[in-house]
Amino acid sequence: MRDDPGDLLTVPVTVDLLRGCLDAEPTADGLLPHRLPRWARAQNSDPQLAAVEVQPAGVRLAVRTAATRIELDTSPTTFGYVGAPRRPRGVYDLVVDGRLVSQATASGGRTLTVDLATGTSRTEEGPVCTLVFGGLPAGDKHVEVWLPHNEQTALLALRADAPLAPAPADRRPRWVHHGSSISQGSNAASPTGTWPATAARLVGLDLVNLGFGGGAMLDPFVARTMGGTAADLLSVEIGINLVTGDVMRMRAFGPAVHGFLDTLREAHPDTPVVVLSPLLCPIHEHTPGPGSFDVAALGEGRLAFTATGDPADVARGRLTLSTVRTELARIVEQRAAEDPHLHLVDGRSLYGEDDAVERPLPDRLHPDAATHRVVGERFAAMAAAELPSPGT
């Protein structure tokens with residue numbers, strides 16, 4: 001409930017206030033951040049990718065202000081499944097001079113509910129939501145509002161009790177990362193708690209998160225997007241979506257990886273590139289996809305996943321996480337002989353066998369919030385200790 005705001009200055013939300021997105025679309029609901037540019041979206045035909053690229057993982061409003069109270073009008077869109085528990089609403093993180101000081105969730109907006117049994121969906125419309133962040137420290141400061149990593153969010157207006165100006169250009173090295181829902185932040189508690197956001201904060205990087213739930217498919221338009229984005233560090237998490245989607249065989253996989261890396265290298269000849277192989281996921285280590293919702297778990301009101309492929313098909317080229325890791329290691333070793341700026345990180349060094357015992361994947365596919373932090377801390381330590389300093 002919004003209390004008496006007093007006299008506040010209203011500022012329209014414009015693209016110069018946004019960080020971490022590659023496009024912003026004016027809509028009837030407000031300014032809609034996109035993590036793929038318009039030309040790339042035009043080349044995509046997958047509804048899943050279209051739905052998640054507009055979820056603003058890593059995107060934040062960044063302003064310089066002396067305000068002690070800020071309000072943000074938003075129009076969110078949430079997704080759910082018939083028979084499954086409703087996912088928690090997206091969280092907005094307020095960060096002041098690099099420190100998380102407040103969190104809020106939005107009510108209202110649009111709700112899209114999908115019936116997996118029939119393939120149909122229904123939409124419910126709700127009101128615009130006003131988020132209120134009060135009690136900010138006095139004095140001039142850098143303020144960021146990190147938008148929900150898992151909830152489409154249209155932005156209408158900012159209000160504050162002091163003038164707001166776009167934050168100065170971020171002078172930190174820019175890290176452009178592409179990956180799956182694990183990279184987007186599925187099951188993370190808030191947008192600054194995803195593993196890429198955690199790693200970026202610890203290493204001091206300006207994050208552009210191109211993690212797309214169900215959408216890390218080695219798409220050429222994603223490689224060209226990364227190639228066309230200024231970057232001091234590039235990384236790509238490869239494997240889990242190729243297996244869960246059962247979208248290619250080993251014959252196509254190797255050339256697709258080479259093609260993706262070729263595109264990055266043509267645009268960024270000397271930029272460090274990290275290939276991140278799959279984190280451990282026991283259901284798909286030796287069993288191919290496609291992955292599917294566990295119907296029995298849904299019947300119990302739980303969201304969980306299962307692997308439906310036949311391990312015998314591995315001999316005919318179907319992918320598992322184990323075979324993906326082996327092939328990625330071979331490709332990176334081959335290319336690194338002539339590319340000293342190419343590096344491989346085995347995903348099991350970020351989440352491996354011991355972790356699966358200590359902190360099992362709650363839905364059998366995605367790490368929980370605490371594990372996101374652990375993965376981010378481990379990647380940050382590796383980047384700081386083993387990889388060349390971005391920009392050098």
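**Exercise 1. Decide whether Thr244 is buried or exposed.**

Step 1. Take the cut-offs: buried is under 20% relative accessible area, exposed is over 50%, and partly exposed lies in between (1.4 Å probe, protein chains only).
Step 2. Thr244 has 17% relative accessibility, so Thr244 counts as buried.
Step 3. The model is predicted: local features need pLDDT of at least 70, side-chain atom pairs count only at pLDDT 80 or more, and totals for chains, interfaces and linings use all residues. Residues are numbered from 1 along each chain as its sequence is written, and side-chain values use heavy atoms, with hydrogens and water left out.

**Exercise 2. Place Thr244 and list what Thr244 is in contact with, leaving aside neighbours within four places in sequence.**

Step 1. Thr244 sits in helix α6, residues 240-245. Helices are DSSP runs (H or I, at least four residues), numbered from the N terminus; strands are E runs of at least two.
Step 2. Contact means heavy atoms within 4.5 Å.
Step 3. The partners are His284, Pro290, Gly291 and Leu365.

**Exercise 3. Judge how compact the chain is.**

Step 1. Count elements: eleven helices and 21 strands.
Step 2. The radius of gyration is 21 Å, close to the 21 Å from the globule rule for 392 residues, so the chain is as compact as a globular protein of that length. The radius is taken over C-alpha atoms; the rule is 2.2 Å times the number of residues to the power 0.38.
Step 3. Check burial: 55% of the 392 residues count as buried.
Step 4. Check contacts between residues at least 6 apart in sequence: 78% join residues at least 24 apart.
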